[in-house]
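Open the model in your viewer and keep the selection box ready. We will go one stop at a time.

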Protein chains: 2
Amino acid sequence: MCPASVPPDAKRGWIIPIGGGEKKVRSSKILGRFAGLCGGETARIAVIPTASELEDAGHRYLSVFRDLGVGRAEILPLETREDCEDWTWLAKLEDASGIFFTGGNQLRLSTTIGGTSVARLIRRKNAGGVPIAGTSAGAAFVCEHMIAFGKSGATPRSGMATLAPGLGLTNRVIVDQHFRQRDRIGRLLSALAYNPFATGFGIDEDTAAFIGPDDVVEVLGSGGLTVIDPSKLQFSSMDTARMGQAISLIGLNLHILLEGDRYDLHNKVAKAAAQADR
Amino acid sequence: MCPASVPPDAKRGWIIPIGGGEKKVRSSKILGRFAGLCGGETARIAVIPTASELEDAGHRYLSVFRDLGVGRAEILPLETREDCEDWTWLAKLEDASGIFFTGGNQLRLSTTIGGTSVARLIRRKNAGGVPIAGTSAGAAFVCEHMIAFGKSGATPRSGMATLAPGLGLTNRVIVDQHFRQRDRIGRLLSALAYNPFATGFGIDEDTAAFIGPDDVVEVLGSGGLTVIDPSKLQFSSMDTARMGQAISLIGLNLHILLEGDRYDLHNKVAKAAAQADR
């Protein structure tokens, strides 16, 4: 699914992949900023816990959003593809001013929601201005090209990352989460090596990439955002590598960004908060 | 890369994945129809042999196109990412009335062309009306979600298909080629199981799916087009399958289409040539 068309006179909503393990308390900067973008006291946030197998996956978020002063937050228990065609849930989504995907398994998201009326509606809501956030599995799912699973390690190798079609709110980035905590730079590099048209975002835990309507990204949280820009790549050996073999990649551009730093996905320019102050 | 925007008052060009092994003689229906769509005697066809490691990969097509009365056909020897930024080749592409990708290795196409000026120009040309055909590896590459490699066999299994971002002329279909010759129904089903939003096209050798500007598809050639429509899928076990484990899929719609049959990608309706005649 490619990004839905943005209607005339509308601006696309924020897209907010979170690296997992974000603080779930009233002082959480990430959830607080998301709640504010959704309208704060007048917000109506739909929490989608489909990625998780845990009964109470969404409930913790409801209580945090309540503590943050959010007007209304509600769980949409989308467990089957049939649920994703149910007008009860579609009506609640239609009314939402923000949508949040919990963590879990991103393949549960894509197999359950992919190609359903819920997927189409979420894409349309985002194109019309509604912010969509996802943490961990939810962060992977917002992308057109989603890392479904893979192996840890620093060296990119053929077959290290398995891609699957995601929800497709953006096709400009491929996201990996729990990034430095789970040593995933090799797997993100492998994902980019297939076709160096997208930018790689390695998002640490308790860290979010707030992708604005203008495709300028702001980093928020206690960890880092690793940006890998392959747009000037001169060489990749991905096409000739045997399964498991290391891949050579020449000409990548790398940035490590922290809270307050920005990255412009259009012109591929990073700016540190300290630079912006000057 | 998602499909480029079609300019106002323009119609997207035909997209023509061919299953490989097509007849390369003057009597070839597939190449003949493609040549006609490109303008016949006034056509200017650019042949891109990048997928192949063979020196003469493109030359056979030049002589067939000449036999078919094509005005001009020329090879664009795009071997490196640097070649894909070279104005010599970009100018020739800009002038082309049709573009043809040979067979070989689709990862050579995505790693060499992906994210370059050549990729952007081809997408823009197709959005503006220019037909793009690709055989074998070239057929896989025209899709947004490209099967990079995988295993043979009839039973879908986790990890059986490896997806990578392709050129992205269409995101409505995932193509597999040499389909019945190489027993690939399991791998196409695995690719669809990740996220059942796209339609699967299994294209036999010497067979092509002519995807029209209106997304109505016509089959041409001596083999079949296997269409797998997962839009009404009720259940997939892909999210819980271990690597190599068989996957259950419930509620797929399957069509086997032959020359003259049609398939409408919008409303997902197939029509046999014999039905159309009534």
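Which residue is the bridge partner of A:I174 in β9(A)? Select A:I174 and look across to β9(A): the partner is A:G200. Keep in mind that this is a predicted model.

**Stop 1: the strand pair.** Now select residues 199-203 of chain A, which make up strand β9. Add β8(A), and you have a pair that runs in the parallel sense over 4 bridges.

**Stop 2: the whole sheet.** Widen the selection to β8, β9, β12 and β15 of chain A. These 4 strands, in that order, form an open sheet with mixed pairing. Check the edges: β8 (173-176) and β15 (253-257) of chain A stand there. Each has a single partner strand, so one side of each is left without a neighbour in the sheet. Now tilt the view. Neighbouring strands of this sheet are turned by 20° against each other on average, direction ignored.

**Stop 3: the helix across it.** Select residues 185-193 of chain A to pick out helix α7. Helix α7 lies across β8, β9 and β12 (225-229) of chain A. Its direction is at about 160° to β9(A).

**Stop 4: where the chains meet.** Show chain B too. Here 35 residues of chain A are in contact with 35 residues of chain B. Colour α4 (106-113), β6 (145-150) and β7 (161-165) of chain A: these elements each give two or more residues to the side that touches chain B. By class, that side of chain A has 17 nonpolar, 13 polar and 5 charged residues.

**Stop 5: the two copies.** Superpose chain A on chain B. A rotation of 180° does it, with 0.0 Å of shift along the axis and an RMSD of 0.0 Å. The two copies are therefore related as by a two-fold rotation axis. The same surface serves both: 100% of the contact residues of chain A recur in chain B.

How values were computed:
Residues numbered from 1 in each chain as written. Chains lettered and ligands numbered in written order. Predicted model: local features only at pLDDT ≥ 70, side-chain atom pairs only at ≥ 80, totals over all residues. Pairing = 2+ DSSP bridges. Axes fitted to C-alpha atoms, helices over the stretch in contact; angles between N-to-C directions. Contact = placed C-beta atoms within 7 Å. Nonpolar A, V, L, I, M, F, W, Y, C, P; charged D, E, K, R; others polar. Least-squares fit on C-alpha atoms with pLDDT ≥ 70 in both.
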